[in-house]
Amino acid sequence: MRLLLIEDDTETANYLIKGLRESGHVTTHAASGPDGLRAATDSQYDALIVDRMLPGLDGLSVVRELRSAGNDTPVLFLTALSEVDDRVMGLHSGGDDYLAKPFAFAELLARVEAIVRRRSKQPADAVLRVSDLELDRLKRSVKRDGKPIPLQAREFRLLEYLMLHTGQVVTRTMLLEHVWGYHFDPQTNVIDVHMSRLRSKIDKPSAQPLIRTVRGTGYCMHEPD
Amino acid sequence: MSRISLVRTTVFRLAMLYAGLFSLLTALSLASIYWITTSQLSSQIDAGLRAEASALERLYQLKGIAVLRETIAGRSTLRSLAISNLGDAGPRQYLLTDPKLHPLAGTLSEWPAGINPAPRQWITLMLRLRHNDPGLDSGGRRDSVRAVTLVLRGGYHLLVGQSLNEIHEWRNGFLALTLAAIAFILIAGLAGGALMGGGVARRLEAVTRAADSIMAGDLSQRIPEEYRRDEFGALARKLNTMLARIEQLMQSTRAVTENVAHDLRSPLTRLRGRAEMALLKGNDTLRQKEALRKSIDDVDGIVATLNAILSIAQIESGARREWTQVDMGAVCRDAAELYEALAEDKGLEFTAHIADGLHVQGNRQLIAQAVGNLLDNAIKYTPAGGGISLTLENPSGPAVITVTDTGPGIPVDMRGKVLERFVRLDASRRLPGNGLGLSLVKAVADHHGAALSLADNRPGLRASLSFTGGNSI
């Protein structure tokens, strides 16, 4: 993917660029609001990673200007402010997602991939398939190898989200936000318990495992190798 | 310290303004009374003089100069003067002369200088009056006299006049009265203003003094409260309440800062130690990687603590964000569903009784987080084999959420304490957590005007969040 990082802190920018390049993404860097706006206007990117606080022109204004000029490149906001209404404001001004500093690099990568995927995706299929796992979104039924698997409503949504992001890492906070609608961090990692239940139903010991744990980050639904 | 000068007090200025205004009004009304009265008196005098002059002219036309001369001489005697004095504003003055202005009879010894003898002429003279009776002599004083002159047939000149002494005396008295009235109003206003202004200034000075001490850093300073229930007493009480709240906030801020420093020092010390150990010679890459991984866990812990502190601070700041009608049943069912799995994994029995159709005005995220924290605590502190429950009901008021467990509970004397930030019971120190869970629940409860109560579940803890009808703050 071609990414544009607008971030004024050199140290953070260097580490992000290094990580993104190692993950196979072509990354351009702009160190100020006006520079970032120019770069985003001049060429086409798959996603923008924009810091909220920028010299010259703040991140919100950069994205607002891009949006009013008809540019709808997906945007992930980075911020040192973790307040709820900052998140809301970021999304209102045209951002697609929001990440509070400090964050795990894997979280950033997962979220960037998720917003790009969400944007490029056509209206999703009614039936999602990964290997021999099949999820029917209309009938709300799940089959593995042709055998129906009964799931609770929340487990169904959990699996649906994982399958919509097949091949991508999905973090625990992403699951909390999108499956439970919680924008806070529960003290205990409750997600792990639900994931292990889901896996016990989907990935029976006999079958090929489809859900992989990504250490320290989250989970990944993937086609078997 | 800035003393409020009396002259600059509002009350004093107002009093002075009113005194000035009343003086002006008094002067104006007295002036108009004066003007009306004097013009009335003048026209009365003129009417009297006109009648007298006409009567004398008529007498002359009927009876001739001799009778006129005799009559005027008679009227100029003491007795006539005295009589005429009774009903009139002052003794009349007469002068009858021949065509060459030689006096024939009257009270004046000669025709007044500078006055042309003309018919029906009104004049005002300054005269030294001569009376027939020395007792009535004005003693050298010059009187102002209003007079009318006539030219009789045959060239005789007649002057009939009247002294304006009485009017002048009355006028002087009136002027003195006016000045006295104005002086009285001004003095009374000044005294009243000084008295009231001084009182106000004195009471405000107490406030100023307290404010000065507070600005100098003594937050415990209070404004002396007077028992009087007037607006100053009310103001002092209100300010003192405000000061108490500010002092309390300052203290809690200080306590939080100290606690933050304390709670971050331990993980930071750990982090630093780990980094130093990893740098020691003889460590292989594997060990260094492990040290780095643990360091990241430490950093995550520190960030989680900071986030919790910030969340609580933000909730306590009081601004209501994302305020909507919250379906409490849905919030509780979601939380139950999320934590039930956790409880069962730990071998705890989880029961939920959730009533439908209960709504509360509030922030869904915050309420969900509060319920989550209560459930999280219950699960964390209850040993395997125990039971926890979540109940949503409305015995009175919109909604009561109750979370119970069969864990060790919280001793009575510690129940208030655990709601404070960073307070953890010694027994729970080995468990993960930052001691902010219940503080956050408390902050959310306060934010929604709800009550958080901790009670004995015999055994265990029973935590209730009672939302009231008018959750207004």
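R154(A) forms a salt bridge with E337(B). The closest N and O atoms of the pair are 3.1 Å apart. The model is predicted. Across the interface of chain A and chain B, the rule finds three salt bridges.

**The interface of chain A and chain B**

- On the chain A side, 21 residues are in contact with 27 residues of chain B.
- Nine residue pairs are in polar contact across the interface, both residues at pLDDT 80 or more.
- Two elements of chain A give two or more residues each to the side that touches chain B: α4 (84–92) and α8 (190–202).
- By class, that side of chain A has nine nonpolar, six polar and six charged residues.
- About 2300 Å² of area is buried between chain A and chain B. Carbon and sulfur atoms give 49% of this area.

**Helix α8 of chain B**

- Helix α8 of chain B covers residues 364–381, which makes 18 residues.
- How far apart should the ends of this helix be, at 1.5 Å a residue? The expected span is 26 Å, because the rule multiplies 1.5 Å by one less than the number of residues.
- The end C-alpha atoms are 26 Å apart, so the model agrees with the expected span.
- α8(B) is mostly covered, with 16 of its 18 residues buried.
- N363(B) caps the N-terminal end of α8(B). One of its side-chain oxygens lies 2.9 Å from the backbone nitrogen of Q365(B).

**G161 of chain B**

- G161(B) sits in strand β5 of chain B, which runs over residues 157–163.
- Is G161(B) buried or exposed? G161(B) has a relative accessible area of 0%, so it counts as buried; the cut-off is under 20%.
- A147(B) is 14 residues away from G161(B) in sequence. In space, the two are 3.7 Å apart, C-alpha to C-alpha.
- A147(B) is also among the contacts of G161(B), leaving aside neighbours within four places in sequence. The others are L49(B), R92(B), Q93(B), V145(B) and R146(B).

**T217 of chain A**

- T217(A) is found in a loop of chain A. The loop lies between β11 (211–214) and β12 (218–221).
- T217(A) has a relative accessible area of 13%. That value is under 20%, so T217(A) is buried.
- Which residues does T217(A) touch, not counting those up to four places away in sequence? They are A106(A), E107(A), V169(A), T171(A) and R172(A).

Key. Residues numbered from 1 in each chain as written. Chains lettered and ligands numbered in written order. Predicted model: local features only at pLDDT ≥ 70, side-chain atom pairs only at ≥ 80, totals over all residues. Heavy atoms only, no water. Helix = DSSP H or I, 4+ residues; strand = E, 2+ residues; numbered from the N terminus. Buried < 20%, exposed > 50% of the residue type's maximum accessible area, 1.4 Å probe, protein only. Contact = heavy atoms within 4.5 Å. Polar contact = N/O pair within 3.5 Å; in protein donor to acceptor, adjacent residues only side chain to side chain. Buried area = accessible area lost by both parts, 1.4 Å probe. Salt bridge = Lys/Arg side-chain N within 4 Å of Asp/Glu carboxyl O. Nonpolar A, V, L, I, M, F, W, Y, C, P; charged D, E, K, R; others polar.
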